[in-house]
Amino acid sequence: MAKGFTTVHLIRGKEPLLRQMVCEVRFRDGHLYLDYTGRLLKKLIDSSPEWVLGPQPNPNGTVVFNLAEGIVLNFSMNGASLDLNKTATDEFIDQTEAQQFAQIADEILGLVFDELEAKEWSRIGFRELYYFPFDSKADTERWLQGLGIFSVSSTLAASFKGEFDAIGLSLVMEGEECSYRIALNGMERPAQVSMGDATLTVRSSGLHQKVDAALKKAIKKQRQRQINPAFAAVLDIDAYRKDPAELDVANFIQECSTNNLVRFRSAIPAANGKKGK
């Protein structure tokens, strides 16, 4: 059977790569945390052996790792969260993994709520990090400034007698049904070069031109993708609701995952009249 096709919508010529998903629910009535954490962990690990307990549970919180899915569960007296994070790797979260995350979050967070008898919600949030990869810092900054969704007055640079080396966006928007914290910035992941028993961490953008060329030559020679310095623009969208009357974790994740990137793309003006291209 032929595999289905996934349509990728570029944003100004770049593909958004989903690298992290976090769902967090905060509650006011998690006072049974100290009493029932052991029972909760026993039910979780007995039903799904891929869950492994992290550091020793303490009054401040408990951490559990899902070895099969690469997901981290955190819970405490004040809330619980599930985190799928691939920012330290060269991988990204595909559509199937994103759908599985919503299902796992609904199931596992539901177990936490049931065991702690939590019913008074103060906040539900869903956060996504998208990476747009580039070959250099200059390419990253050029793309960010070319989006046309934010600008910085030249008078700021003039006042400090300097030039902008990097710019970014950070804002919070309050809505009737959902609020958002959005950040958009350039980043560089340093190269990790193996030197025998030691590892040399190098930031390519901070090197002299000749040294940078030598680093790239060493990387090419070793052919180790994991040491390749990565430049990217990072879009961080945190959607949340305060004091939700009802809680439907899977539906909230699905709504945000479906709409957030679409809304960002639709906000980008384009010379040809088609947004997001």
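A search of the whole structure turns up 16 salt bridges. Keep in mind that this is a predicted model, so each contact below is a feature of that prediction. Opposite charges on side chains can pair when the charged atoms come close. Here are three of the pairs, with the closest N and O atoms in each.

| Pair | N to O distance |
|---|---|
| Lys-137 and Asp-165 | 2.4 Å |
| Asp-139 and Arg-142 | 2.7 Å |
| Glu-174 and Lys-242 | 3.9 Å |

Take Lys-137 and Asp-165, whose side chains meet in a salt bridge. This pair links distant parts of the chain, 28 residues apart: Lys-137 sits in helix α3 (residues 137-146), while Asp-165 is in the loop between α4 and β7 (169-173). How much of each partner is accessible? Lys-137 has a relative accessible area of 30%, so it counts as partly exposed. For Asp-165 the value is 54%, which makes it exposed, because the exposed class begins over 50%.

Asp-139 and Arg-142 tell a more local story: both are in helix α3, three residues apart, or about one turn of the helix. Asp-139 comes out as partly exposed because its relative accessibility is 28%. Arg-142, at 54%, counts as exposed.

Then there's Glu-174, which forms a salt bridge with Lys-242 at 3.9 Å. That pair also links distant parts of the chain, with the two positions 68 residues apart. Glu-174 lies in the loop between β7 and β8 (179-189), and Lys-242 belongs to strand β11 (residues 230-242). Glu-174 is exposed at 54% relative accessibility, and Lys-242 is exposed too, at 53%.

Salt bridges also join up into a network, whose members are Glu-24, Arg-26, Arg-123, Arg-127, Arg-181, Asp-236 and Asp-238.

Now for a charged residue in a buried spot. Where does Glu-115 sit, buried or exposed? Its relative accessibility is 5%, and anything under 20% is classed as buried, so Glu-115 counts as buried. Glu-115 is placed in helix α2 (residues 95-116). Which residues does Glu-115 touch, leaving aside its neighbours within four places in sequence? They are Tyr-36, Arg-39, Leu-40 and Lys-43. With one of these, Arg-39, the side chain of Glu-115 makes a polar contact of 2.8 Å.

The surface has a nonpolar side as well. Val-152, Leu-156, Phe-160 and Phe-164 form a nonpolar patch there, and together they have about 410 Å² of accessible area. Leu-156, one of the four, lies in helix α4 (residues 154-159). At 43% relative accessibility, Leu-156 falls between the buried and exposed classes, so it counts as partly exposed.

Stepping back to the whole chain, there are six helices and 11 strands. Of its 277 residues, 39% count as buried. The chain exposes about 16500 Å², and carbon and sulfur atoms supply 51% of that area. What share of the contacts with a separation of 6 or more comes from residues 24 or more positions apart? The answer is 71%. Two of the salt bridges in the table also span such stretches of sequence: Lys-137 with Asp-165, 28 residues apart, and Glu-174 with Lys-242, 68 residues apart.

How values were computed
Residues are numbered from 1 along each chain as its sequence is written. This is a predicted model: local features need pLDDT of at least 70, side-chain atom pairs count only at pLDDT 80 or more; totals for chains, interfaces and linings use all residues. Side-chain values use heavy atoms; hydrogens and water are left out. Patches are made of residues with over 30% relative accessible area and no salt bridge: like charges are joined within 9 Å, nonpolar side chains (Val, Leu, Ile, Met, Phe, Trp, Tyr) within 5 Å. Accessible areas come from the Shrake-Rupley method with a 1.4 Å probe; for residues, only the protein chains shown count as cover. Helices (H or I, at least four residues) and strands (E, at least two) are DSSP runs, numbered from the N terminus. Buried means under 20% relative accessible area, exposed over 50%, partly exposed in between (1.4 Å probe, protein chains only). Contact means heavy atoms within 4.5 Å. A polar contact is a pair of N or O atoms within 3.5 Å; within protein, one must be able to donate a hydrogen and the other to accept it, and residues adjacent in sequence count only if both atoms are side-chain atoms.
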